[in-house]
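Trainee: Could we go through this model together? I'd like to start with the pockets and then move on to the ligand.
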Amino acid sequence: MSRKNIVAGNWKMNLDLKSGHKLTQEICKADRDSNVQVILAVPFIHLSEVGAVSRYSSTISLAAQNVHFESNGAFTGEISSAMLKSTGAEYVLIGHSERRTLFNESNDVIKKKVDAALAKGLKVIFCCGESLEVRKKKRQNTFVKGQIVKGLFHLTPKQFKNVIIAYEPIWAIGTGETASPEQAQEMHAYIRKQIEAKYEGQGSKTSILYGGSVKPDNAKELFAQQDIDGGLVGGASLKAKTFVPIINAFK
Ligand code: PEP
């Protein structure tokens, strides 16, 4: 996977099937920057439907929001990588802060999910980011590096090529508070440096997205930063009228 401009929408646990279908149609039909890859991370039950609507658009890809690390078996309520693949999903979000905090996903579990997803040919959108407490102590770099090292740095260089990073400071998710373009750029440059140190030549090839209250009115400034390749968008991805301007914010 080469570095590209990406806007991913994370619908979280929102929208019923009918509204998800309608939103996908609106995004497909919208006047969009064709150089931007759009990824829709939708609830499991929407995958087939959203995939059916978007499959004629090469710039729209499908993602799941979670995956189980086992390949099959008695895991009531869980979904495997192979199942996701069979719906047409190309990507999966792993390590979102809501999974880490609300569902107690440890770095070890996240690592297993990364391995399971890559083994079945899914691409991983790996989320990382510090809490306000960590940032106040100025320990954000060490903290984020720890998440990346524990979740990803066991991968071979070939496997790592199928990873996108999403830096999402927890204090900016769903709070209306955004990291300043400078704060985000600083962390993205730091992450890129760590990737380059571990996987020579890969630093400049990895897409690193920013997430945390991205909106039409702040996307342009964020995406203009040298090391920010786009966004992972929660709230503003639920309406075409807020999501499409974010997709078009690179120009
Ligand atoms: C997210 O959930 O990944 C996210 C960034 O949410 P929001 O844009 O609503 O802050």
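Mentor: Gladly, and keep in mind as we go that this is a predicted model. To begin with the second largest pocket, its lining is made up by class of nine polar, five nonpolar and three charged residues.

Trainee: What volume does the second largest pocket have?
Mentor: The volume of the second largest pocket is about 170 Å³. Its lining has 17 residues, and those closest to the centre of this pocket are Gly 174, Ser 213, Val 233, Gly 234 and Gly 235.

Trainee: And which pocket is the space taken by the ligand?
Mentor: The ligand takes up the space of the second largest pocket.

Trainee: OK, so which residues come nearest to the ligand?
Mentor: There are 14 residues around the ligand, and the ones that come nearest are Lys 12, Glu 168, Gly 174, Ser 213 and Gly 234. Divided by class, this shell has eight polar, four nonpolar and two charged residues.

Trainee: What does the side chain of Lys 12 do there, in terms of distance to the ligand?
Mentor: In the side chain of Lys 12, an N or O atom is 2.6 Å from an oxygen atom of the ligand. Backbone atoms come into the picture as well: a polar backbone atom of Ser 213 is 2.8 Å from a ligand oxygen, and for a polar backbone atom of Gly 234 the distance to a ligand oxygen is 2.8 Å.

Trainee: How much of the ligand does the protein bury?
Mentor: The protein buries 95% of the 290 Å² that the ligand exposes when taken alone.

Trainee: Back to Lys 12 for a moment. Where is it placed, and is its phi positive or negative?
Mentor: Lys 12 is placed in the loop between β1 (5–10) and α1 (17–29), and its phi is near 50°, which is a positive value in a residue other than glycine. Leu 15 is also in the loop between β1 and α1, and although Leu 15 is not a glycine, it has a positive phi of about 75°.

Trainee: Changing topic, how much space lies in the largest pocket?
Mentor: About 410 Å³ of space lies in the largest pocket. This pocket is lined by 14 residues, of which Lys 12, Met 13, Gln 65, Arg 99 and Phe 103 are the closest to its centre.

Trainee: Which helix gives the largest share of that lining, and how does the lining divide by class?
Mentor: Helix α4 (residues 97–102) gives the largest share of the lining, with three residues, while the lining of the largest pocket divides into seven nonpolar, four polar and three charged residues.

Note on methods
Residues are numbered from 1 along each chain as its sequence is written. This is a predicted model: local features need pLDDT of at least 70, side-chain atom pairs count only at pLDDT 80 or more; totals for chains, interfaces and linings use all residues. Side-chain values use heavy atoms; hydrogens and water are left out. A residue is near a molecule or strand if one of its heavy atoms lies within 4 Å of it. A polar contact is a pair of N or O atoms within 3.5 Å; within protein, one must be able to donate a hydrogen and the other to accept it, and residues adjacent in sequence count only if both atoms are side-chain atoms. Accessible areas come from the Shrake-Rupley method with a 1.4 Å probe; for residues, only the protein chains shown count as cover. On a 1 Å grid over the protein atoms alone, a cavity is a set of points where a 1.4 Å probe fits but cannot get out, and a pocket is an open set with protein on both sides within 12 Å along at least five of seven lines; lining residues have an atom within 4 Å of a point. A molecule sits in a cavity or pocket if more than half of its atoms lie within 2 Å of its grid points. Ala, Val, Leu, Ile, Met, Phe, Trp, Tyr, Cys and Pro count as nonpolar, Asp, Glu, Lys and Arg as charged, and the others, Gly among them, as polar. Grid points are joined across faces, edges and corners, and a volume is the space filled by probe spheres set on the points. Helices (H or I, at least four residues) and strands (E, at least two) are DSSP runs, numbered from the N terminus.
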